[in-house]
Each structure stands twice: as C-alpha cells, then as structure tokens.
Amino acid sequence: GELFEIWFDGGADHPDNGAPDVLPIVRKYQPNCLFYHNGQLAEARWGGSENGTVSDPCWATFTYLATGAGESAKKNIAKDGFKLLKQGDSEGQYWVPAMSDAPLRGYNGRHEWFWEPGDEEHIFPVENLVDMYYKSVGRNSTLILGLTPDPTGLMPEPDVQRLREFGDEIKKRFSTPLAATSGRGTKVDIKLAKSQRMNQLVIQEDIVEGERIREYKVEALVDGKWKTVASGQSIGHKWIHMIEEVTTQRLRLVVNKSIAEPIIKTFSVYNVNQN
C-alpha cells in the first residue's frame, strides 16, 4: 500500500558526500509519499522540539529545499534554538510544513519512544495532549505522537484507551461550532441568530492557494462597539485562538496585511467547556 511519509530520523546525507541515493528509490516505489529527509530534499520539517508544539507564528513555507538535521543543519537553521525550523519563513519559496512530535509515554519527566514494562504512569494525561493539539494542529502544524507497541506487536490497552479519550475530547470541543462561514477578501463576517457566549475561534486559509495572510485580527461587536478578541500573523491550514469569553452576535475577521487576496476556508466560533 501507499505510505504517507518516510522519515529518516536524523537525516540521510547527500549522495554527493557518499551517502546512499535513497530519494530516487522512494520516488519510484512511493511516488505520493512525503520524503523527510536528506541533503537533497525535505517535504516537511521538524518543528524544533520533541514536546509536540511549535512556535507562534508558524509558517508552512521555508527558506530551503532541504533542512539538514541537528548539528549538520545549516548554521542559520540551527541558531537561536532552531528558530527558523520552529517558525518557518513567511517569504520562503518552498512548501515545507512543520511537524510537532512527542512520545505518548513522555509524561512526568520521561521521554521514551520505545515500550518498556511498567511505565504506564508516563502516558500523557488527556489535558496535556489537548494542550499539544492547540500548540501544534492549532498552530498550522501536525501532531505526531510516538506510539510504542509491546512485545506482542500490539498497542498496549492503556495507550489505546488514552488515545480514545484524547480523540473524544477533541471531537467534543470542535465537532459543533456555534457558527461558521467562509469568504474572500480583507473582511469576513459571522452573524449568529442570537447573542451567545464564546471562547474559542478556528480560522483556516485555503492552502491550495498558499498562505496569503500576514497579519490579522478578530473583532466582536460588544455593546455596539468592535472589540479585538484575537490577533495574529500566520494562519495557514488551521489556527486556533483561545480567547477571553465574550458574548456577542457578530464577529469579523479583519486582514490587515496579505500578499494576495485572502481566501478563508473556515472561520468558526465555539463555546468550549474546558472542565
């Protein structure tokens, strides 16, 4: 079957340096597979940490076609704590979205990518996983959780249960928006049937046309005046804002800076019970 991504952890070197030329093999047998990574190509990038999060802002575009890895990375990639990997480059010409990775059994001082007996207490609690989700998927990245099969070759039941709980929590929060819309241009409005309390926003660009927005804010109409409740720079595939609770019937997304006409795939609002 088709692979989604092949990942050379630590990176494979460039064939010009005597390394095996693996890229043509992947292209031949898995033409739709993302390649990560060697000195020739990185079709995604490590997000700069192993705690399941990326920085704000986080752009899917990048300066270089290949990233290198660790100490072998170009100096301006590795400097400032891998800032370029964490944030990307809004003016970069290459589409190299960030990946946020963390081991599921990485809680309470542990950082383990492989199964060991008796370490179930190190499975991340749901609240920690949800926090990762907001700071990865909610910041224009992906969340990659390292799962650890036991000696039977299966996922341990405690891990399976925690993933089920995690998935249920995300569905509970985001499956039913109070309102949602889409649109083009520098202003996109939401008008609800009545005033409602809300505390979270989700914005998505149509990334088929690229990341166009560079600066924006979200305003809510409160007591007849527009009040800024969120602001940011990057949106890309998805950006989630946790805002101070506000009661309103109208909101608007205002794009202050863009490189082309903004195309908003989704602008939705939620009242999330976080207890």
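## Buried and exposed sites in a predicted model

At 6% relative accessibility, asparagine 140 counts as buried, since the cut-off for that class is under 20% relative accessible area. The model that provides this value is a predicted one. Asparagine 140 is found in the loop between helix 3 and strand 7, and its phi is positive, about 65°, although the residue is not a glycine. A second non-glycine residue with a positive phi is aspartate 223, where the angle is about 55°. Aspartate 223 lies in the loop between strand 10 and strand 11 and, at 77% relative accessibility, counts as exposed, because that class begins over 50%.

The table sets these two residues side by side.

| Residue | Phi | Loop | Relative accessibility |
|---|---|---|---|
| Asparagine 140 | about 65° | between helix 3 and strand 7 | 6%, buried |
| Aspartate 223 | about 55° | between strand 10 and strand 11 | 77%, exposed |

**The chain as a whole**

The secondary structure of the protein chain comes to 4 helices and 13 strands. Its radius of gyration is 21 Å, close to the 19 Å that the globule rule gives for 275 residues, so the chain is as compact as a globular protein of that length. Along the principal axes, the C-alpha trace spans about 65 × 45 × 40 Å. Of the 275 residues, 45% count as buried, and the chain exposes about 14,300 Å², of which carbon and sulfur atoms supply 48%. Among contacts between residues at least 6 apart in sequence, 73% join residues at least 24 apart.

**The parallel sheet and helix 3**

Three strands form an open sheet in the order 3-6-7, with parallel pairing. Strand 3 and strand 7 are the edge strands, each of them pairing on one side only. Strand 3, residues 45-46, pairs with strand 6 over 2 bridges in the parallel sense, and here arginine 45 stands opposite alanine 98 of strand 6. On the other pairing, strand 6 and strand 7 (residues 141-146) are joined in the parallel sense over 6 bridges, with leucine 145 of strand 7 as the bridge partner of alanine 102. Between these two strands the chain passes through helix 3 (residues 126-134), and the resulting β-α-β crossover is right-handed.

Strand 6, residues 98-103, is mostly covered, in that 6 of its 6 residues are buried. In a regular strand the side chains alternate between the two faces of the sheet. In strand 6, Ala98, Ser100 and Ala102 point one way, while Met99, Asp101 and Pro103 point the other way, and all are buried.

Helix 3 has Val126, Leu129, Val130, Met132, Tyr133 and Tyr134 among its residues, and these are buried. The buried residues of helix 3 pack against strand 6 and strand 7, and also against helix 4 (157-174), strand 9 and strand 12. The loop between strand 6 and helix 3 contains asparagine 108, which is exposed with a relative accessible area of 54%. Asparagine 108 and tyrosine 133 are 25 residues apart in sequence, and their C-alpha atoms are 18 Å apart in space.

**The nonpolar cores**

Which members of the largest nonpolar core touch the most other members? Of its 26 residues, these are Leu201, Val218, Leu251, Leu253 and Phe267. Strand 9 (187-205), strand 10 (213-222), strand 11 (225-232), strand 12 (239-258) and strand 13 (263-270) each supply at least two residues of this core. Apart from this core lies another, of 19 residues, among them Val126, Phe174, Tyr270 and Val272; Val126 is also one of the buried residues of helix 3.

The surroundings of valine 218 can be listed individually. Not counting residues up to four places away in sequence, valine 218 touches Leu201, Ile203, Leu251, Leu253 and Phe267, together with Lys227, Thr228, Val229, Ala230 and Arg252.

**Cis peptide bonds**

Two peptide bonds deserve a separate look. A cis peptide bond joins tyrosine 36 and histidine 37, with omega about 0°, and histidine 37 lies in strand 2, residues 34-38. The peptide bond from aspartate 56 to proline 57 is also cis, with omega near 5°, and proline 57 is found in the loop between strand 3 and strand 4 (61-62).

Definitions and conventions. Residues are numbered from 1 along each chain as its sequence is written. This is a predicted model: local features need pLDDT of at least 70, side-chain atom pairs count only at pLDDT 80 or more; totals for chains, interfaces and linings use all residues. Side-chain values use heavy atoms; hydrogens and water are left out. Buried means under 20% relative accessible area, exposed over 50%, partly exposed in between (1.4 Å probe, protein chains only). Two strands pair if DSSP finds at least two bridges between them. A crossover is right-handed if, with the strands pointing away from the viewer, the path from the first strand over the helix to the second runs clockwise. The radius of gyration is taken over C-alpha atoms; the globule rule is 2.2 Å times the number of residues to the power 0.38. Contact means heavy atoms within 4.5 Å. Accessible areas come from the Shrake-Rupley method with a 1.4 Å probe; for residues, only the protein chains shown count as cover. A nonpolar core is a set of buried Ala, Val, Leu, Ile, Met, Phe, Trp, Tyr and Cys residues joined through side-chain atoms within 4.5 Å.
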